[in-house]
Amino acid sequence: MAGRPKKDEQYLEEHLETLTKLGTKSRQVMPQEYNTFGPWTPLKLIVLKNYVDVYTKILHRERLGSIGHGFKSKVFIDVFCGSGLNKIDYAPNRRAKDAQLHAWFPGSTLIASEYASHDSKFDEIISIDKDKRKLDALVSRMRALYASQPFLPLCGRAEDKLQEVGTKITQEKAHYLALVDYEDIKSLRLDILESLLKERGDVFVTILASGMLRCFGKSLESDNSRATLRRFLTGDVFDALESKALDGRLDISYLASEIASKFRQHKEIVEWIPIRKGSNGYQYLMFFAVSETSGGNPFVKMINGTKDRMSRISGENVAKILPVLSGVQRRIC
Ligand SMILES: C[S@@+](CC[C@H](N)C(=O)[O-])C[C@H]1O[C@@H](n2cnc3c(N)ncnc32)[C@H](O)[C@@H]1O
């Protein structure tokens, strides 16, 4: 019988503790090079960690062949990979920031290396970032911590690299798990993502939904914001969202369903997980898109469980636990 799901606080504490241990290891290499985020970011990393574990267990080498399409390998594709080290600022306000309230977390590529099942690691990890210093730091971290993991770092703009990655995985008959971790909506047009979406694999895409809603407010006043949004969302999605915004009826669930319909042009199953800043604020939506496989997709139940969990917890919960884990505070308050 499956055990009862863990209480939210215990679940968070355990995952945060495990991740900060790996963050500390990552920081032993080039500690001066990192990305900085808010306390909601570890929630995204927990989703990735859990999925990598289940994905690699299920797509064990012997089972790869049995899911059809003659797959020979499985790869992790980290689009917008960062440096492999994330500084999480959890200070409640600007004054407290002076007290250096922060914790260290591993980046997404390290998570894919560490939490893949020990006897079913990725055959290759492909990581893309346009920032050479960040990517060099990631390469050094991968060499130091996961020397035996086949690793292909690609320096450049994701929009210029994705076609090459799509061709490579087709030629190599690779099934893929990808994380497309948007920094802002100027980074990559949704339609360029299609070179990845049309290949067989599972994709997580983080979309900065609350920022986009704000942008829609502005887009009605400024041609510049309107053009940026239109370029990112592409004509059909943009037009539908803009007409709702003009009626004053654009909200997060409509935005989510329009973006999901774009992904559904390529993947049968599309869900989204909310990553929340606080009790009443979204930071982003983490879309999950996969192809249906014969016998049903085994990951959907897990994703729905994660969606429930992430609907109850937020960056505020993370910010309460991190001071205790870093020894700044003795008890969660
Ligand atoms: C949100 S961070 C990535 C964090 C990382 N996925 C993690 O979880 O540790 C976004 C990264 O995207 C990179 N970036 C932004 N625009 C890009 C583009 N057009 N092509 C490639 N990389 C880009 C930035 O240099 C930055 O390191």
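I looked up Thr36 first and found that its bridge partner in strand 3 is Lys87. Strand 1 and strand 3 (residues 85-89) run parallel and are joined by 3 bridges; two strands pair if DSSP finds at least two bridges between them. The strands and helices I cite are DSSP runs numbered from the N terminus, with at least two residues of E for a strand and at least four of H or I for a helix.

I note that this is a predicted model, in which local features need pLDDT of at least 70 and side-chain atom pairs count only at pLDDT 80 or more, while totals for chains, interfaces and linings use all residues. Residues are numbered from 1 along each chain as its sequence is written.

I then followed the sheet outward and found an open one of 3 strands, in the order 1-3-4 and with mixed pairing. Strand 1 (35-37) and strand 4 (102-106) each have a single partner strand and stand at the edges, so one side of each lacks a neighbour in the sheet. The twist averages 30° from one strand to the next, taken between axes fitted as lines to C-alpha atoms, with angles from 0 to 180 degrees between N-to-C directions.

Next I checked strand 5 (residues 124-129), which pairs with strand 6 (residues 151-155) in the parallel sense over 5 bridges, and here Ile128 stands opposite Leu154 of strand 6. Between these strands the chain passes through helix 6 (residues 132-145), in a β-α-β crossover that is right-handed, that is, clockwise from the first strand over the helix to the second when the strands point away from the viewer.

For burial I took helix 5 (residues 108-115), where 8 of the 8 residues are buried, so the helix is largely enclosed by the rest of the structure. Buried here means 20 or more other C-beta atoms within 10 Å of the residue's own, exposed means 12 or fewer, and partly exposed lies in between, with C-beta atoms placed from the backbone.

I also looked at Ser73, which lies in strand 2 (residues 73-79) and is partly exposed, with 17 other C-beta atoms within 10 Å. Beyond its neighbours within four places in sequence, Ser73 is in contact (C-beta atoms, placed from the backbone, within 7 Å) with Asp123, Glu172 and Ala174.

Last, I turned to the ligand, which is surrounded by 18 residues, the closest being Phe80, Gly82, Gly107, Ser108 and Asp181; a residue counts as near if its C-beta atom, placed from the backbone, lies within 6 Å.

Technical notes. Two residues are in contact if their C-beta atoms, placed from the backbone, lie within 7 Å.
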